[in-house]
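Here is a short tour of one protein model. Take a look at the sequence and the fold before reading on.

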Amino acid sequence: AVARQVGGEPLVADFARLTDVRELAGTLLGRYPRIDVLANNAGVVLTRRSRTEDGHDTMFQVNYLAPFLLTNLLLDRLTATGAARVVTTSSKANRSAGVDLDDLEGTRQRSEMLRYGITKLQNIMFTRELARRTRGTGLTAAAFHPGVVPGTEINRSSPLIAGLVRYRLLGRVATVAEGAAPLVHLATMPDPETTNGGYYHGLKPNGPVHPHAEDDQLAARLWDRTAELLGLKTR
């Protein structure tokens, strides 16, 4: 529907299938000589654990692993653009639990909110490390918390009580337009270098983060461990 409104081409990929992600990247690279903005906005909250056909926890793969893969598959095209932007949706829930390099998928965590928070912390650390690794290319990266946006149906697989608790923990309920506002801001602001590697809480920079989000060495190790998991050679 959005593509029809803006005259774009809709391309669909299921992030629970890494084959789909790779095919999407190939299609984009084949059709578009320039990519100005990559918005990693797909996400899911699941109360029951499930595994993808790739063998990963579904929430971990959809929220973090697939965006990491897509970004890296498109990275040469993005940096060749000279002033591209990568905007990744995170969450205030990033503060709920730290990243364990020996348990990236949160298998030791029983709480859905803790596992969700881990994926959102990983998004912030990915953003910070992406900014570091591409410094000097013109590419900039930023992450943000959109607020709680029930209009996106992110809670459709969660019981009512879990959804209400999540709203209480993550702040006030926002409209779809309000949730999208930080993404649009970061994709279009005139001086993106000031936000490079940063995390926004809504439209405010320097949002609250778990201490791991500011650990550059841990972010670098997370990047390398993720690339190894995917069999990727990265920058």
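The report below covers the sheet, the helices that pack on it, and one further helix.

**The sheet**

This is a predicted model. It holds an open sheet of 4 strands in the order 1-2-3-4, with parallel pairing. Strand 1 (37-40) and strand 4 (198-201) are the edge strands, and each pairs on one side only. On average, neighbouring strands are turned by 20 degrees against each other, direction ignored. Strands of a sheet pair through backbone hydrogen bonds. Strand 3 (residues 140-145) and strand 4 run parallel and are joined by 4 bridges. Gly 198 in strand 4 is the bridge partner of Ala 142.

**Helices on the sheet**

Two helices are set out here.

| Helix | Strands involved | Angle |
|---|---|---|
| Helix 3 (residues 58-81) | touches strand 1 and strand 2 (85-89) | about 175 degrees with strand 1 |
| Helix 6 (residues 176-188) | lies across strand 1, strand 2, strand 3 and strand 4 | about 165 degrees to strand 3 |

**Helix 7**

Helix 7 (residues 216-230) has 15 residues. From first C-alpha to last it reaches 21 Å, close to the 21 Å expected at 1.5 Å a residue. At its start, a side-chain oxygen of Asp 215 comes to within 3.2 Å of the backbone nitrogen of Gln 217. Just after the helix, Gly 231 takes a positive phi of about 70 degrees.

Which residues of helix 7 are buried? They are Leu 218, Ala 219, Ala 220, Leu 222, Trp 223, Thr 226, Ala 227 and Leu 230. These buried residues pack against helix 2 (18-31), helix 3 and helix 4 (112-133). Helix 3 also packs on the sheet.

Definitions and conventions
Residues are numbered from 1 along each chain as its sequence is written. This is a predicted model: local features need pLDDT of at least 70, side-chain atom pairs count only at pLDDT 80 or more; totals for chains, interfaces and linings use all residues. Side-chain values use heavy atoms; hydrogens and water are left out. Two strands pair if DSSP finds at least two bridges between them. Helices (H or I, at least four residues) and strands (E, at least two) are DSSP runs, numbered from the N terminus. Axes are lines fitted to C-alpha atoms, for helices over the stretch in contact, and angles run from 0 to 180 degrees between N-to-C directions. Contact means heavy atoms within 4.5 Å. The expected span of a helix is 1.5 Å times one less than its number of residues. Buried means under 20% relative accessible area, exposed over 50%, partly exposed in between (1.4 Å probe, protein chains only). A polar contact is a pair of N or O atoms within 3.5 Å; within protein, one must be able to donate a hydrogen and the other to accept it, and residues adjacent in sequence count only if both atoms are side-chain atoms.
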